[in-house]
Amino acid sequence: MNKHVAKKIQSDERKSKGLLIVGIAALVAGFFISEAQSLLWGLGLGLSIAGAGTLLVYKKAKQSPAMQENIILELDERNQSLNTRAAAKAFWLVYYWIGFATLCSTFDWISAHTLLIATLFVMPGIYFFIAVVYHKIG
Amino acid sequence: MKNQIRVLRKQKGMTQQELAKILAVSRQTVIAIENGKYHPSLELAFKISRVMELPLEAIFFDQEDEDE
């Protein structure tokens, strides 16, 4: 296996184990903190599934040359450079979005809660949109 | 910044896909470098130099140097 791929798998496995542990901790904490039970269980379930799922994917990747090829493409320096440029652009667009939404919130056009939920969707949406545009135009 | 990669690759009888595999990058990256749309990192430039068996300055050159 390519040493860069092995390093990436090792690093991502560590992150996934971290997610799994935090997820399980949140699930257990949900039993003891009744005020935030639904939040902790939701968070715990989401993180545990994401962590366990990613661990399974990487376990399979160790034996699959096709999946290792995809990891090589993911590590491709031009792809990483384009993704970094997209992230930088998305940061400033989201910054303006938060400024605009805060203004709306001041005039009671939108609640802070709705604004935060919308931001959770808008942020990755903008990032992926810009990343796709950058990958298309090079 | 311009480069001679396309010419050198063809002299070596390599396809873009083959060169991409040796360099551990995507074919799109090779295309972008050949077209001058993407400037490779120093690490990748040295890899290209090793594959082409030529010094860096024989592969990459500044547009202004060419004009002179």
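Is Phe31(A) buried or exposed? In the predicted model examined here, Phe31(A) is exposed, because its relative accessible area is 60%, and the cut-off for that class lies at over 50%. The residue belongs to helix α1 of chain A, and together with Ile24(A), Val28(A), Phe32(A), Ile33(A) and Trp41(A) it forms a nonpolar patch on the surface, for which the joint accessible area comes to about 630 Å². The most is given to this nonpolar patch by helix α1, spanning residues 3-32 of chain A, which supplies four residues.

Helix α1 also takes part in a helix packing within the chain. It packs with helix α3 (residues 65-75) of chain A at an angle of about 90°, the two axes lying 10 Å apart; α1(A) is therefore roughly perpendicular to α3(A), given that angles of 65 to 115 degrees fall into that class. On the side of α1(A), the residues in contact are His4(A), Val5(A), Lys8(A) and Ile9(A), and these meet Gln68(A), Ile71(A), Ile72(A), Glu74(A) and Leu75(A) in α3(A).

With regard to the chain as a whole, the secondary structure of chain A consists of five helices and zero strands, so that the order of elements from the N terminus reads α-α-α-α-α. Chain A has 138 residues, of which 26% count as buried, while its accessible surface amounts to about 9,500 Å², with 72% of this area belonging to carbon and sulfur atoms. Among the contacts in chain A that link residues at least 6 apart in sequence, 65% join residues at least 24 apart.

Terms used
Residues are numbered from 1 along each chain as its sequence is written. Chains are lettered from A and ligands numbered from 1 in the order in which they are written. This is a predicted model: local features need pLDDT of at least 70, side-chain atom pairs count only at pLDDT 80 or more; totals for chains, interfaces and linings use all residues. Side-chain values use heavy atoms; hydrogens and water are left out. Patches are made of residues with over 30% relative accessible area and no salt bridge: like charges are joined within 9 Å, nonpolar side chains (Val, Leu, Ile, Met, Phe, Trp, Tyr) within 5 Å. Accessible areas come from the Shrake-Rupley method with a 1.4 Å probe; for residues, only the protein chains shown count as cover. A salt bridge is a side-chain nitrogen of Lys or Arg within 4 Å of a carboxyl oxygen of Asp or Glu. Helices (H or I, at least four residues) and strands (E, at least two) are DSSP runs, numbered from the N terminus. Buried means under 20% relative accessible area, exposed over 50%, partly exposed in between (1.4 Å probe, protein chains only). Axes are lines fitted to C-alpha atoms, for helices over the stretch in contact, and angles run from 0 to 180 degrees between N-to-C directions. Angles under 35 degrees count as roughly parallel, over 145 as roughly antiparallel, 65 to 115 as roughly perpendicular and the rest as oblique. Contact means heavy atoms within 4.5 Å.
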